[in-house]
Each structure stands twice: as C-alpha cells, then as structure tokens.
Amino acid sequence: MTDRLSRASSPAGIDDDLAVLWRDASRDGPVARALMANLVVYRDCPATEQIDLAAPVTQVPVDEVACRHPSRVIVLHHGGQPDLCAPMGASVCILLSGPPTARFGVEQIAVRSACAEASLPSIVRRLALGDIPTSVWWTEDVSRSTPLEALVTLGRQLVYDSRHWNDVRRGVLALAPVIGHRHAPDLADLNWRRLTPMRQALTQALAPPLGPIDARAVRLRVRHRPGDGALAWLLIGWFTSRLDWSDADLPATVEEHAEEDAVLSVSIGAPEATHITATMNGHHVRVEYEGGLAPFAIATLHETDADAVAAELRNLTYDTALRDALAALARRVISSGSP
Amino acid sequence: RAGYYEQAGALRDMVQNHILQLLSLVAMEPPRSLDAEVVRDEKLEVVRSLRPIDGEAVDNQVVRAQYTAGFNLGSPAPAYRDEKGVDKASRTETYVALQVFIDNWRWAGVPFFLRTGKRLPKRASEISIHLKDIPPILFNSDPAGRLDPNVLSIRIQPDEGFALTINSKIPGPRVRIYPVKMDFRYGSTFGNISPEAYERLLLDVMAGDPTLFMRRDAVEAAWRWVMPILDRWAERQDATVPPYAAGEWGPPEANAMIESTGRRWRNV
C-alpha cells in the first residue's frame, strides 16, 4: 500500500520542506529513504491551467514508476510564457510504500514553471542528486512537443512513448537532434519495447536454415492497427538499418487495417525464399511459413506502462538498434518525405 | 561584499584558506594524537608537499572563470558584472578549478581536483574520493557502457554525512550493472542538527582549542603556493577570463581540463 505525504513548498524551501516530511514520515517507525535514480518528468502545462501541484500526476503513472524503481522524481509542469520569470510554485511529497516492518519512502518534487525553456535545466541541476543516474521522461507527444535538447541531454537516458505520436514524421525529426548530440542520452521508447517480441520472432524466422536473405530482394508488407502507425514505422526503421536499405528505396508498404485483433502484421517475401508472415496480437507473435515449415510463437510482454518505464530506468543500456532505426527513419524522412 | 570580492576573487577567497584546509584534512597522515599542534603539524605537511603550479603550468592546471547571466532554480540571475558594486569591466574570477598533486610517498601520482564557484547550481561543500578504476575486462569490458569508479563522498554541508556509491549487479540471470548509493546522514541518524560552522569555531575559541584554526606557518605556506598562480594571472592581463552561465557547473574549459585526464567532474 502506498501513502502520500505532501506539502506545499517554494523553490527556495524545497530541502527544508522535504526534511519536515521525512520527520513526519518516521513518526510511526523507521522509514528508509529509497533512491536509485533521479527521474525528471516533463509535462506541458499552459500558464492559464489550474493544477494542484500536491496532487499525484494522473495522466501518466509517475507514483507507480517511482515505487517500482525508487527515484527522486522531479515533475516539471511547464508552459511557455516567458514574461513570467520565476517558477510559479512547488510542492514536495514523500511516497511511502512497503510492509509495516520495512517501509521505504521516495521523494517527489513538483515545480510549476512558465519561464523560458532555457531556465528548465537550472531547475534540474539544482534538484537532481549526484552519484545516481538521471533519466528524463518526456510524457508528452514528441511530435507535438519537441524535447528540449538542453534538458534531455542533462540526463543519461530519455524515456518516451512513440505510441502517442500524432505524426510519425514529426516525431522522428524531433528526435534527430537529440540522437546526434555530443552528449546524446540513451533512448528508451516504450513502443520499441512493445516491438521486441516481433523483432525477436523475425530474427528467429529469418535465421538459417532458411538461408541467407538477399536484402536487395526482400519485400515487406506491414499492416498495423489504427493508432499504431509508429510501431509499424519503427519496424521499417529496424529493417532499413539491419538490411542497409537506401534512403530512396523502400521495398515495403505500410497500411492501416481495422480488422481482426492483430496489432501488427508483417509479410516478408523474397524471390526463391520462403514467404513469411508474422502477426502480433495482445498475447503472442505468431510466425507462419508458406510451404509447410512449422510455425512458432513468441509471447508478447504483459506489463503495464509503469512496469515498462521502471524496467527501462533499471536497464540503462545503450540501445544501438533503436538509435540506428531512428537514424534510418530520419534519413528517409529527410530524403523522401515519408512517412 | 562586492567591494571585497572584486579585490579577492575565488582563488584568494576560497582556495587559499578553506579548500586547502579541506585538502589537508583529507590527505594528512594520521596524527599520533589529537593534540592541536600535532594535528596542525600533519596538515602543514600536506601544504608543504603540494607541487608548485607556476608559469605555464598555471595555464594547464588552473581554470578561472566568471559567471554571466543565467538562471538560478528557474529564476533569471544577472551576470557578475551587473551585480551591485562590481566594475563593468571586472576580470575577477568567480570560479576556479585546479588539478593539484601532492608530492609525497602516499599521494605521488594521484591527482586532486579542486573547484569552487559562485552561482553554481547548488550551495554545497563536498569531498569525493574516487577509487581506482578497474581494468577494462569482465564487467567493464563494454566500451559503450563503461562503469564509473566507486566513490566515497563526504558531505561537509548541507546535510552532513557520507555516501558510498558502488556498482552492483542487478538481480537476475543476466549480468547487468547498476550504480547504487549507500547513504549515511548525521541528521537522520542521530536526530540532532549539527552546529553551524562558525558556532563550532566560536566554541573552540572560548575553549582555547586551536585545532581547526590555521597556524601562521600554514597560512604562509598556503600563500607561498597560491602566489605563483596569482602572479601568472597578473602577467596574462591579455588572457580572456572564460565565462560560465549562472546556474551551470562551470566553464567548458574546466570540463576539458579534467576530461583530458580521462575523468569528469562529479556533480553533487
């Protein structure tokens, strides 16, 4: 069970107010301070919008993530109104979790800022704790709300979900400068994570003894459920980078379909090679071969978004496959305009 | 305090006294007793063992800088030259970073990195001891995922205590390493609030305990070490004093200095 102790604060009073909360938290017994990482959560917040900084963020599972991967959470509610030149407010909170004999607490700081975007890194530098990794969770649609380079490059990792992209093309272009930055963070896309079973299945399906695939001869047909266009294009990016397709030539079609329960299906054809179909639904990826070879299935991930974000925070590995796929997509967007 | 600071700068204001004191406490040999003079003797030995930094070595081992306009916890912060009482053409350094060496048997070859500055993101005083890096085999073999060394950090203020950051294996069948921090805080462990720095010193004055005060010979030794740096800066009036924005951790030149040794600054 999770309890939440919160207190209104001010930018200058955050440390003192947190100390008061820790004293309150330990009134009924010892509470361990749990801390694995700094997690900066970015939220768009128009200056005219009324929000309760002390209330939990409901649109994304921040509290659940913080309890799964104990982190000092810094929630930045930011709305651009640069003539307001000071943070508008702050609050502090301690989330208490664990059994009565082993209670632990994680800190959460919420800051409302309407200042210039350039001021946001100063807030993170001041509030982030040293010696632990810092991840930035961009909870907004990257294709509409471009991640601020100066902010995301402060962290070791950028977490986002391309499932929310309204415009795949713009999303890819928004990430291109981040990928190419000298201090580029590791990227963690929850949608890429959802694609893992499909990639595993296809890697297995295309491996010997089917024989080496002639990249020049492969043709793909990718069909996706409405709203999962980004998933389809991530898959295309993966193929492009793995098979070294040129930016101009895309031997693939991408279609939206509304039938069946398939999230994503891929048909792979190549001359003198077995035709392969891989279909992913909510339970598994099923691979079928034309010509009598035995099909197989790989289970999909059954996890909540909170589980997924926490797993990525724990992971901290440099995902070259995702980076290469995005880079390939960016080149394609720039050269041909698609998707 | 602008009038004073304009004449002093970060090197005189912080390094010659406070930072060299901290360096002495970290690097001194264990004293044979806690008698004030015995402790002060050992501290003095550290200062006397500091390798001189003079001439061109100053250009390579010392970085000074002055803050420009920036942000402090999201609020705009003016440039140093726009502060009240500061000359618009001031060249006073508000930041200094140094790479120093102690030439004695214990510390030969071990670099000490010191830095202090105004308008940095946090007000803090910390010492961090970075344990030796491990060879690039086993857990440290992947160039894309090199591990940071283990660190023992001592928080002088605020929130006195110390922490040990080590690399730990994440439970599970795969070998994945994650940095974890074991943290001790005086305040939350003993429940008392530590006295302020000057409270402690005033108490020592009343008790007649000079342990924490610099002895005359230590003051002179510290000045003898600092003066060549100031002399070099005085010679190089043509040199630009690099800028750093208020709210940042210092200028790129300071990063370049430490990164040239294969290390990087640790942010508190």
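How much space lies in the second largest cavity? The answer is about 50 Å³, and the tour of this predicted model returns to that cavity at its last stop.

**First stop: the largest nonpolar core**

Begin by selecting Met198(A), Leu220(A), Leu235(A) and Leu264(A), the residues with the most contacts inside the largest nonpolar core, which has 79 residues. Next, display helix α8 of chain A, residues 229–243; this helix gives the most to the core, contributing nine residues. Then colour chain A by domain: at least three residues of the core come from domain 1 (3–132), and at least three from domain 2 (185–339).

Centre the view on Met198(A). With neighbours within four places in sequence left aside, Met198(A) is in contact with Leu235(A), Leu264(A) and Val266(A), and also with Ala278(A), Thr279(A), Met280(A) and Val285(A). Two of these partners, Leu235(A) and Leu264(A), were selected above among the residues with the most contacts inside the core.

**Second stop: another core**

Apart from the largest core lies another, of 49 residues. To find it, select Tyr80(B), Ala97(B), Leu114(B) and Leu230(B), which are among its members.

**Third stop: the largest cavity**

Turn now to enclosed space. Two cavities of 30 Å³ or more are counted, and the largest has a volume of about 60 Å³. Select its lining in chain B: Gln21(B), Ser24(B), Arg40(B), Lys43(B), Leu44(B), Val47(B), Phe213(B), Met214(B), Arg215(B) and Ala218(B).

Show the secondary structure around this cavity. Helices α1 (2–27) and α2 (36–49) of chain B are the elements that give two or more residues to the lining. Of the elements present, α2(B) gives the most, with four residues. Colouring the lining by class yields five nonpolar, two polar and three charged residues.

**Last stop: the second largest cavity**

Move to chain A for the cavity of the opening question, with its space of about 50 Å³. Select Arg4(A), Leu53(A), Ala55(A), Val57(A), Val75(A), Ser91(A), Cys93(A), Gln108(A), Ile109(A) and Ala110(A), which line the second largest cavity.

Here the elements to display are strands β5 (89–97) and β6 (104–113) of chain A, each of which supplies at least two lining residues. The largest share, three residues, comes from β6(A). By class, this lining has seven nonpolar, two polar and one charged residues.

Note on methods:
Residues are numbered from 1 along each chain as its sequence is written. Chains are lettered from A and ligands numbered from 1 in the order in which they are written. This is a predicted model: local features need pLDDT of at least 70, side-chain atom pairs count only at pLDDT 80 or more; totals for chains, interfaces and linings use all residues. Side-chain values use heavy atoms; hydrogens and water are left out. A nonpolar core is a set of buried Ala, Val, Leu, Ile, Met, Phe, Trp, Tyr and Cys residues joined through side-chain atoms within 4.5 Å. Buried means under 20% relative accessible area, exposed over 50%, partly exposed in between (1.4 Å probe, protein chains only). Domain bounds come from an automatic or database domain assignment. Contact means heavy atoms within 4.5 Å. On a 1 Å grid over the protein atoms alone, a cavity is a set of points where a 1.4 Å probe fits but cannot get out, and a pocket is an open set with protein on both sides within 12 Å along at least five of seven lines; lining residues have an atom within 4 Å of a point. Grid points are joined across faces, edges and corners, and a volume is the space filled by probe spheres set on the points. Ala, Val, Leu, Ile, Met, Phe, Trp, Tyr, Cys and Pro count as nonpolar, Asp, Glu, Lys and Arg as charged, and the others, Gly among them, as polar.
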